[in-house]
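Visitor: I would like a close look at a single part of this model. Please take the ligand site and the elements that go with it.

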Amino acid sequence: NMQVIFRDYVSGFPKETDMEVRESTMKLRLPAGSNGLLVKNLFLSCDPYMRTRMAKLDIPGYVDSFKPGSAITGYGVARVLESGHPNFKKGDLLWGFTGWEEYSLITAPEACFKIEHTDVPLSYYTGLLGMVGMAAYAGFFKVCSPKKGETVFISAASGAVGQLVGQFAKLFGCYVVGSAGSKEKVDLLKNKFGFNDAFNYKEEPDLDAALKRCFPEGIDIYFENVGGKMLDAVLLNMKIRGRIALCGLISQYNLEQPEGPYNLMNLILKQVRMEGFLVFDYYHLYPKLLEMVLPQIKEGKIVYVEDTTEGLENAPAALIGLFSGRNVGKQVVVVSHE
Ligand code: NDP
């Protein structure tokens, strides 16, 4: 059983060498009487929140740190080989928390979702049909309280979550602008995902000016994925009674000292609501996401771009690539195609 082992707690930027890919000789089998599952992992999801799990965490209600010396855990798509749980049988497909290894024992199958619709690419269950889709759905429709015709700005807009928020907002009838870190990503935003406008934040050091150009009348909704300087510039450009959904702050995850934001007074002056959210709180809405998005995929109204890395041995590089913007779209690792 090939595994990706977490070596030890990390400070600063994570490196490939913080993980080690090695063969485990331990035989994996479902213990007698267990109500768990033995699964074969097919696709693994690389997610920015995994960086927070590389530090020693003690946050009630949040996920645990990775355990030094043990396999990394995270979202994935897997096939059930043996089941001790009434919800699953041999051969079923599921998405949920699994291990970064070829085969895993899942001890809490009740937290996994059975995959019922297999006429779409299975890897989508690491993205738009999984946790990421739920974050985009709940963050936009529930936290942002959108109205048709409003102006929406999304940072890290070509990524796993951002590309979906932009498409949801466009289909809902909003004016949508995104920022991303390369020309290729900006082209995707405008030409593939149908954003009204987009800019490369690495080439526009004056973020305030870029936002004023894209939103001469201001921003109603900001879907926050990056934090830091971008959040500060957005605060200067929010409209009265705007909403900011704090989904993530990826620019801050590897810093010892967080930067800003400094322009918080704007929240008061413009009566803006800024709200953080965790996707885990919204999983009861998963059937609603599927109901909305499955037909949209089939009708071609929603597209999804994935960045696929083949092989567990390449998973550490894929994960740390999120923090340099190496990924174009949702970063997926293929462990096995069947
Ligand atoms: P992405 O697919 O967008 O990948 C990360 C991207 O972030 C990179 O490609 C890069 O894009 C950008 N980035 C990396 N470092 C920086 C930096 N220093 N400054 C600005 N941008 C940077 O990731 P996801 O879509 O999966 O996640 C997006 C955000 O949503 C993350 O902050 C994540 O933590 C959060 N999240 C929160 C959830 C919740 O429950 N609240 C659930 C899921 C995700 P570029 O080239 O454009 O810079």
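Guide: What follows covers the ligand shell, the two domains and then some helices.

This is a predicted model, in which local features need pLDDT of at least 70, side-chain atom pairs count only at pLDDT 80 or more, and totals for chains, interfaces and linings use all residues. Residues are numbered from 1 along each chain as its sequence is written.

Start with the ligand. There are 30 residues around it, and Gly159, Gly181, Gly248, Val279 and Gly325 come nearest. A residue counts as near if its C-beta atom, placed from the backbone, lies within 6 Å of the molecule. By class, the shell holds 17 nonpolar, 10 polar and three charged residues. Here Ala, Val, Leu, Ile, Met, Phe, Trp, Tyr, Cys and Pro are nonpolar, Asp, Glu, Lys and Arg are charged, and the others, Gly among them, are polar.

Now the domains. The protein chain is divided into domain 1 (2-127 + 304-334) and domain 2 (131-280). Their bounds come from an automatic or database domain assignment. Both domains give residues to the shell, so the ligand lies between them. Their centres, taken over C-alpha atoms, are separated by 28 Å. In domain 1, 14 residues are in contact with 17 residues of domain 2. Contact requires C-beta atoms, placed from the backbone, within 7 Å. The touching side of domain 1 has six nonpolar, six polar and two charged residues.

Next, helix H2 (residues 162-172). Helices (H or I, at least four residues) and strands (E, at least two) are DSSP runs, numbered from the N terminus. H2 is mostly covered, with eight of its 11 residues buried. Buried takes 20 or more other C-beta atoms within 10 Å of a residue's own, exposed 12 or fewer, and partly exposed lies in between, with C-beta atoms placed from the backbone. Gly162, Leu164 and Phe168 are among the buried residues of H2. Their cover includes H1, strand E8 (151-154), strand E9 (175-180), helix H3 (183-191) and strand E11 (219-224). Just after H2, glycine 173 takes a positive phi of about 105 degrees.

H1 (residues 131-143) also meets H7 (residues 286-298): their axes come within 10 Å and cross at roughly 90 degrees. Gly133, Met134 and Tyr137 of H1 make the contact with Tyr286, Leu289 and Val293 of H7. That contact has five nonpolar, one polar and no charged residues. Axes are lines fitted to C-alpha atoms, for helices over the stretch in contact, and angles run from 0 to 180 degrees between N-to-C directions.

Key
Contact = placed C-beta atoms within 7 Å.
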